[in-house]
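Trainee: I am new to this structure and would like a close look at a single part, the surroundings of the ligand. Could you take me through that part with care?

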Amino acid sequence: MPKDTVTIIDNATGKQAEFPVKRGSHGPAVIDIATLNKELGMFTLDPGFLSTASCESAITFIDGDKGILLYRGYPIDQLAEHSDFLEVCYLLYYGRLPSKKEYNHFSHMIMRHTMVHEGLRDFYHGFRRDAHPMAVMVGVVGALSAFYHDSLDIYEPRSREISAHRLIAKMPTIAAWAYRYSRGEPFPYPRNDLGYAENFLYMMFSYPTEEYRVNPVAAKAMDLISTLHAAHEQNASTSTVRLAGSSQANPFASVSAGVGALWGPAHGGANEAVIKMLEQIGDVKNIPRFLDRARDPKDNFRLMGFGHRVYKNYDPRAKIIRQAAGDVLREMKVNDPLFDIAMKLEEIALKDEYFIERKLYPNVDFYSGIIQRAIGIPTSMFTVIFTIGRTIGWISQWAEMITEKVQRIGRPRQLYIGEKTRDYVPISKR
Ligand code: SDX
């Protein structure tokens, strides 16, 4: 049986060393190069981590070539069809589907932790009314550390569980209040008698002056969006949470670091950028001009919502969201011209050599804005909605990292290309 190792030879010195190969349940094997520096006095270099695994994880798996996404082994399309977001939260955090009794207890507990400390409400008033809601999210989520001292022993499983429950439960309240604050409107308290997604939409759109009933179509669409955005291997924001948490920072501070990373238009901010792009295109007849720009290496315009570091096939989440967007528009009798532009853009791009050659397909962000517009979510809130869904992915990955057999601080090395050592020159001699 051949040894499961690879040998690296430094041709400059003739030195060589063997490194173990590790194989997982799915996907490419990895070379464990932890001893590379000791054996050969070298580091690896891989900006953007194109070929680098940062950890072992059992939470999600993506097959980018086949367009497959698994949450704890379950295909995302089956969960989208048969599960709901709170069940997916249970699955991602505990690693298995709950029994009916466990599901009811978990849901009951989450829905009874949706209120936040009254002192946190005052936090909002420090922001300008026109602050981007993601700026508010970064601040308020980070501030949670200042209110929940009682459950910050990160090596105590029950403390981790309480922090996870608090984050899952309170994110919709914090998010809805960021929206209400931007409009100068009162902050509705969460309601325990509503479902998770229904409660969020209630806090977004209800007024104290009249009864407000959440449209069940909108609540179901919101729940699906959260399920589809829940977790996605070691993406930029999840890796940020892991790195922040590896310093033993508390879970609220670590998750607030992830909120900041998600905001970028290359990552979770793409859903907002897609709508702005579709509005800029404005009419299907303008699509060729924008495709020319996307193909032009001198133009930094990119087709937002297209392309992915891992998916070199259709993002399975985009397929589900596109179908759901059509259903929601129909059921809510909403006619959104941007949806027609998006579908035409996809049709043309997928036949275009530039996109075919680079295996650029629609990703989760391409259609998610269409469905959010249909249920009345303003564009500025799209990445905030992504934050609500992704919180469970972040906190599950954080807990997995904290409980690793050998948990150590993440501290990448570098290739130094700066000045060689030189002596200080007094200013009188410069
Ligand atoms: C998310 O990691 C995750 O899992 C993220 C996410 C999650 O659930 O957490 O899936 C969520 O962030 C989805 C991605 C959302 N971002 C966008 O839609 C922004 C637009 N897409 C790109 O900026 C880009 O595709 C990335 C950032 C998503 C991926 O970039 P990569 O893997 O670093 O690829 P690259 O920049 O090296 O591009 C490879 C080639 C380049 O052309 P060449 O230099 O080879 O000629 O493809 C081109 C790029 O110019 N390219 C695009 C393009 N995306 C890549 N050209 C036009 N439009 C695009 N959208």
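Mentor: What follows describes the residues around the ligand and their contacts with the ligand. This is a predicted model, in which local features need pLDDT of at least 70 and side-chain atom pairs count only at pLDDT 80 or more, while totals for chains, interfaces and linings use all residues. Residues are numbered from 1 along each chain as its sequence is written, and side-chain values use heavy atoms, with hydrogens and water left out.

The ligand is surrounded by 23 residues, where a residue is counted if one of its heavy atoms lies within 4 Å of the ligand; the closest are His-232, His-308, Arg-309, Arg-317 and Arg-390. Sorted by class, this shell holds ten nonpolar, seven polar and six charged residues, with Ala, Val, Leu, Ile, Met, Phe, Trp, Tyr, Cys and Pro taken as nonpolar, Asp, Glu, Lys and Arg as charged, and the others, Gly among them, as polar.

Turning to polar contacts (pairs of N or O atoms within 3.5 Å), a backbone N or O atom of Phe-306 lies 2.9 Å from a nitrogen atom of the ligand. Two side chains meet ligand oxygen: a polar atom in the side chain of Arg-358 lies 3.1 Å from an oxygen atom of the ligand, and a polar side-chain atom of Asn-363 is 2.9 Å from an oxygen atom of the ligand. On its own the ligand has 1100 Å² of accessible area, of which the protein covers 74%, as computed by the Shrake-Rupley method with a 1.4 Å probe.

Conventions: Polar contact = N/O pair within 3.5 Å; in protein donor to acceptor, adjacent residues only side chain to side chain.
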